[in-house]
Amino acid sequence: MKCELIRNELLNEQYYEIDHDSGLKIFVMEKPDYSGAFAMFGTKYGSVDTCFRLKGQESFISVPEGIAHFLEHKLFESEELDAFERFSKTGANANAFTSFDRTCYIFQCTGNFNENLEILLDFVKAPYFTEETVQKEQGIIGQEIRMYQDNPDWQVLFNLLRGVYHKNPVRIDIAGTVESISEITAELLYSCYNTFYNLSNMALSVAGNVSKDEVLAIADKMLKKEEKAEFEQIIPEEDEKVAQSYIEEALGVDIMKFALGFKENHSEPVRSAKETLLMNIALEIIGGKVSPLYSRLMDEGLINTSFGKEYFTGRGFSLPIFTGESSDPIKVKDEILKEIAKIKANGISEEDFDVALKKLYGAEIYRYNDVDDLAGNMLDAYFNGSNLFLSIDLYKTVTKKDVENLMAVSFKEDNYCLSVIK
Amino acid sequence: MERKKLGAGLTLCSHQTGQFKTSAVSVNIITPLDEKASEKALLIHLLARTNKGYPTLTAMNRRLASLYGATMYPNAIRMGEAQILTLTLVSIDERFALGSEKVLENCIRLVLDCLFTPDITPNGFKEENMQREKRLLSEKIDSENDDKIAYAFKRMLEEMCHDEAFSISPLGTKEKIAAVSGRDVFEVWKKLLLTCPVQINVTGNFEKKGITAAVKEYFSRLDRKENDIIYPHTEFLTESYDVKTVKEKQKVQQGKLVIGFRAGMTYDMDNFAAIKVMNAIFGSGTFSKLFTNVREKMSLCYYCSSRLINNKGIIAVQSGVETENTEKALGAILAELDEVRQGNFTDETIEAAKLSLKEIYLSISDSVLSIDSWMTAECLSSDFMTPDMYIAMTEGVSREEIIVAANMVTQDTVYILESEKEAE
């Protein structure tokens, strides 16, 4: 077992990174002045993993849309007590989520930490699927899907992804459709589980009022050494250009929602901490609250306080997006394009760069406040091939020129999509 | 956490800790929920956006950016039949500032400047600012209505409490907002400063003396008298009246079902602990009757939960269901309440409910914003209570008290949002 202590002086924070004998990567940040602790057990497996095979298997299998999320729901069940019932005896607040490229099981508690961690490691490593329980879940998830279909903020984003990408599986809904989940069987769930829930594809991240030794004692007790499961995936080739430059849907909203995304084309599937920081600076300079664009759009009554920007990334996809509500989304899109062209032509001023950097530095500090963020950020950084403290150190090294170079390649005036919910 | 009186109707609520890398300051103005709700909601949004020193959006936003991307946001919330107007400012702790700035004190001064020195003319708030904030507030209301879960909940409360002040929306209405003048808001502002209880919350790493002095300094500009301070009052109805079912149709994929109950309370802490535990057993948490039966066993919905609004004595159940299953779900939810009334729950479930409440109370102290919200939620109570006090209260609740509490609950309004395509 390898255990390394990683420290950052500026933040006055540290955490342990452990290669556990079982094959699992473990992160622990001890925060003794907190009342509670947060644990996250995750796998690098999400809705985009739709076609794969274990090494040595003859053929690839294509699985129904939404199966990763379905599997997340079903893992809570077991032959005896389900995981929720077990956690109700310890008082932990347990949950799980599935995103495009990962599935995570979490709990937060102020007491009984060891017992809770045992339950977490136990139920995630003990799948139990039968045809009857699969059927029962279809009703519940069917309603979850319907709920999101009525959510304009969700729909505007998924429509955008369908507009930007031709084949990239990020364009399918995380929960799938009522039709696709009806094709899910217990056997398919086991195939997914055996491929992606191997400890070598997972990580455990804990932050809060716990010690590294406690966490390791439980891991030693609960986890058996696993042979690494190697798998292969088929990732469809994606066209450089967006599929559509405009996409709209009528939900009968009182105020229209929009999302504008610029398609990027990278050869590496995951964005580095530096690329992410540079893009966030660019977005801040283009549309941050102190930008000329923001005040112009506000003065003209074209946006409201919901206006935002984000670098939307994950394994195999990345796009800078602007989102918000407007009575005239097309005009907003035109203004954003104009502003980007202007900044590209004139360059970025030193002052604007400094204001954006200071603001983002503050936002970076905010990420070190809550135990759920801390555990989540350690796991995210690892899954992205980075480490937690990399971004705070980058603030000293990035330059205005880096941002200008990025803007030249990442914001193409002919490679965007505008999604609108009416 | 502690609360101290600083002057007539003025309190400072603080939680001093080095645990966090950020701090939060909020000003909470306590006003009755009445026919001036729209004016007051507009006022707090106007105050948050600009002031005399930073008269444009850009100037204010530049100031906030220079405080390491501090964020300030206004809100108008309903708490019983009070409308609480809040200005919250979150910033980084000065230990992490790049220079030696007094970040937190600067933040408090900025918030108080917003409250005390808005950018006004002798005729009131400026027209350009009025136009902008009217639009932003109206669009906030639109946006809330586009969230069908929130919309259905709001509609149920409107129907259930149609003769009570509680039915007034704390953001106001679009019609009233459109009609308000800069002069009207100016008059409301002057009156509020002299007559409203104000609670200032501070959370983080600070020196109390400096903060107290700053707050006192600002309020000494006003001639606030104890006798002029108006404390809002909430009417409690212990039993339901005018029981009805209201149906609406919209083009939605999923229907919504919201059921309102009267909890039998006569004031906000009346039998509170027993009702809180009873509500948890009924429908709040994965161990609850609604989760384990209506969701897990019957597969009727993805979410089905109940919440207690103790400052009005109401329990509300919210669920999203297929329109064709509405009656089935309604029947199942009411049947689960009957189970609780008859005492059909295990001792393990009581323990699970108490443990889960304890977890919620204990974890409050681990987040700056939940501490700030806790202090705001206590702003109406005459004795400030900490989360620990709530734990002690709920732990002492007996099985018999839970059953008695459940039997005090009476069903009131049922609100159903039907999916139009299925109803046709």
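Analyst: A cavity is a set of grid points where a 1.4 Å probe fits but cannot get out. The model here is a predicted one, and its structure holds three cavities of 30 Å³ or more.

User: What is the volume of the largest cavity, and which residues line the largest cavity?

Analyst: The volume of the largest cavity is about 80 Å³. Its lining takes in A:Glu284, A:Ile285, A:Val290, A:Ser291, A:Pro292, A:Asp352, A:Val355 and A:Ala356, together with B:Arg62. Helices α9 (273-287) and α12 (350-366) of chain A each supply at least two of the lining residues, and α12(A) gives the most, with three.

User: What makes B:Arg62 a residue of that lining?

Analyst: Lining residues have an atom within 4 Å of a point of the cavity. B:Arg62 is listed in the lining of the largest cavity, so it has such an atom.

User: How do you know how many residues of the lining of the largest cavity are charged?

Analyst: Asp, Glu, Lys and Arg count as charged. A:Glu284, A:Asp352 and B:Arg62 are in the lining, and the residues divide into five nonpolar, one polar and three charged.

User: Which residues line the second largest cavity?

Analyst: That cavity, with a volume of about 70 Å³, is lined by A:Ile145, A:Tyr148, A:Gln149, A:Trp154, A:Gln155, A:Asp173, A:Ile174, A:Ala175 and A:Gly176. Helix α4(A) contributes the largest share, three residues. By class, five of the lining residues are nonpolar, three polar and one charged.

User: Why is the second largest pocket called a pocket and not a cavity?

Analyst: A pocket is an open set of points, whereas from a cavity the probe cannot get out. The second largest pocket has a volume of about 750 Å³ and a lining of 35 residues, with A:Ile235, A:Pro269, A:Arg315, A:Gly316 and A:Phe317 nearest its centre. The lining has 14 nonpolar, ten polar and eleven charged residues. Strands β10 (231-233) and β14 (317-325) of chain A each supply at least two of them.

User: How do you know that β5 and β6 of chain A pair?

Analyst: Pairing needs at least two bridges. Strand β5 (residues 51-54) of chain A is joined to β6(A) by two bridges, so the condition is met, and the strands run antiparallel. A:Cys51 stands opposite A:Ser62 in β6(A).

User: Why do β6 and β10 of chain A stand at the edges?

Analyst: The open sheet of three strands has the order β6-β5-β10 in chain A, with antiparallel pairing. β6 (61-62) and β10 each have a single partner strand, so one side of each is left without a neighbour in the sheet. Helix α7 (residues 186-196) of chain A lies across β5, β6 and β10, at about 65 degrees to β5(A).

User: What makes β4 and β5 of chain B a pair?

Analyst: Set against the requirement of at least two bridges, strand β4 (residues 71-79) of chain B is joined to β5 (residues 82-92) by nine, and the two run antiparallel. B:Met79 has B:Ala82 as its bridge partner. The two strands form a hairpin with two residues between them, and B:Gly80 in the turn has a positive phi of about 60 degrees.

User: What area do chain B and chain A bury between them?

Analyst: About 5,000 Å², 53% of it on carbon and sulfur atoms. B:Lys21, B:Asp146 and B:Tyr302 supply 14% of the area that chain B buries against chain A, more than any other three residues. The contact takes 59 residues from chain B and 58 from chain A.

Technical notes
Residues numbered from 1 in each chain as written. Chains lettered and ligands numbered in written order. Predicted model: local features only at pLDDT ≥ 70, side-chain atom pairs only at ≥ 80, totals over all residues. Heavy atoms only, no water. 1 Å grid on protein atoms, 1.4 Å probe; cavity = no way out; pocket = protein on both sides within 12 Å on 5 of 7 lines; lining within 4 Å. Points joined across faces, edges and corners; volume = space filled by probe spheres on them. Helix = DSSP H or I, 4+ residues; strand = E, 2+ residues; numbered from the N terminus. Contact = heavy atoms within 4.5 Å. Axes fitted to C-alpha atoms, helices over the stretch in contact; angles between N-to-C directions. Buried area = accessible area lost by both parts, 1.4 Å probe.
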